[in-house]
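Here's a quick briefing on how a protein and its DNA sit together. Take a look at the picture, then go through the notes below.

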Number of protein chains: 2
Amino acid sequence: MRNKEETFNKILETAYILFADKGFDKTSLSMIATEVGISKPAIYYYFTSKDELIAYLFEEICKDIERGNIFDYSDISRTNFQHKLLEIGYQSIDEQETDVHFNKIFNQYMLLASRDEKYMTRLQDIQAGYLKSYHDLFNYAVEIGAISDTNIETKAHMLAMVIDNIGNFMLTGCRLDYKGIWKEAVESVWREQSR
Amino acid sequence: MRNKEETFNKILETAYILFADKGFDKTSLSMIATEVGISKPAIYYYFTSKDELIAYLFEEICKDIERGNIFDYSDISRTNFQHKLLEIGYQSIDEQETDVHFNKIFNQYMLLASRDEKYMTRLQDIQAGYLKSYHDLFNYAVEIGAISDTNIETKAHMLAMVIDNIGNFMLTGCRLDYKGIWKEAVESVWREQSR
DNA sequence: GTCTATATTTTGATAGAC
DNA sequence: GTCTATCAAAATATAGAC
């Protein structure tokens, strides 16, 4: 009926949504199959097991995150760095508001990781890369004279923690002034110690 | 063999650890029963279902959190407020480092909440109370003249987000200078805008 | 590639004796 | 209160036809 690649992708998309909404364990292969419009055994033509499907989806998500960790330095200057940093956060907030499934499914992989070495090591890579992307950005900002060089790594990690946790707070539908919080965090980097 | 209350508590303690380590779905009542030293049906004398056990544990954890949300204002003064705020964070970091199970199990309830209204409303209560405890503390600090009154709520929420996310980063064993990050966040509140 | 039919296992939950 | 025995449901996975 459909071609191979089309069905393959449909399985992935459906699994992504169902896993996020209902969780890995409460999502059976029958449910995925029905939603895709195939029978349960047909899934085994594409994936050798449910675990393999979960693992494949994980790697796809990891690659997505890694792509998002690459900041564009080309249009960053000494005068517009603060503005660009604000934009990066605002964009991340908008994205997290748009894709409600991402944080739900990612949290499940975090829990899986605490029981499975394979997921843990990959997740540590992702997390280190995420933190490094902010640290590198700040180092560049120091180089071009956009910020002073005191406590650069700590400041970068603080900002990374703020933006990362916004997604978790969104999970409960908590209506906060997230962009205001981000603005406060960003501007604090440019403030001078007064006592 | 044991008395009623003793067995009841043993079930709760065992469930807490197993649920955290293996997850709700991968922890069967048989496993809990074996670990406690009773048979599976004996659990049904104390809880009418597995779901009830999970729900009971949730309420216990919620009460624990709410107790932790009450800050002691008695020894806070204009001069030692920054120091006290640092202490609050350091203590929270130490606690999260000690109880490795808490964040794992709490994350699972976050996911449960997105599929179950009952958990969601309770979790929203907890989250609102958590944020309010920081906001109230800051309002008190303004009253006694320990900080200026600009952007009080946003600053309080920013600090709450930082300390809250430290627990999530610990889940992957990420070794960061958490206390340094907290110190940076706290001190930023006292800095003046320079441009 | 996709189907029907089925094997296997595990789990939550109940019945009823002691 | 706790046990043994058992049920019923659901899930992963496979066999084999088309």
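## Protein meets DNA

A phosphate oxygen of DNA strand D has a polar side-chain atom of A:Lys50 just 2.8 Å away. That is a polar contact, meaning a pair of N or O atoms within 3.5 Å; within protein, one must be able to donate a hydrogen and the other to accept it, and residues adjacent in sequence count only if both atoms are side-chain atoms.

Keep in mind that this is a predicted model, where local features need pLDDT of at least 70, side-chain atom pairs count only at pLDDT 80 or more, and totals for chains, interfaces and linings use all residues. Residues are numbered from 1 along each chain as its sequence is written, chains are lettered from A and ligands numbered from 1 in the order in which they are written, and side-chain values use heavy atoms, with hydrogens and water left out.

**Around DNA strand D**

- There are 16 residues around DNA strand D, and the nearest are A:Lys40, A:Lys50, B:Lys4, B:Ser39 and B:Tyr46; "near" means that a heavy atom of the residue lies within 4 Å.
- B:Tyr46 has a polar side-chain atom 2.5 Å from a phosphate oxygen of this strand, while for B:Thr7 an N or O atom of the side chain is 3.5 Å from one.
- H3(B) gives the largest share of the surface near DNA strand D, with 4 residues; helices (H or I, at least four residues) are DSSP runs, numbered from the N terminus.
- Among the strand's atoms within 4 Å of the protein, 60% are sugar or phosphate and the rest belong to bases.

**Around DNA strand C**

- DNA strand C also has its neighbours: 16 residues surround it, and A:Lys4, A:Ser39, A:Tyr46, B:Tyr44 and B:Lys50 are the closest.
- Phosphate oxygens of DNA strand C lie 2.6 Å from a polar side-chain atom of B:Lys50, 3.3 Å from a side-chain N or O atom of A:Tyr45 and 3.5 Å from one of A:Thr7.
- H3(A) gives the most to the surface near this strand, with 4 residues.
- Sugar or phosphate makes up 57% of the strand's atoms within 4 Å of the protein, and bases the rest.

**How the two copies pair up**

- Chain B can be laid on chain A by a turn of 180° and a shift of 0.0 Å along the axis, with an RMSD of 0.0 Å (a least-squares superposition on the C-alpha atoms of residues with pLDDT of at least 70 in both).
- The two copies are thus related as by a two-fold rotation axis.

How values were computed:
Helix = DSSP H or I, 4+ residues; strand = E, 2+ residues; numbered from the N terminus.
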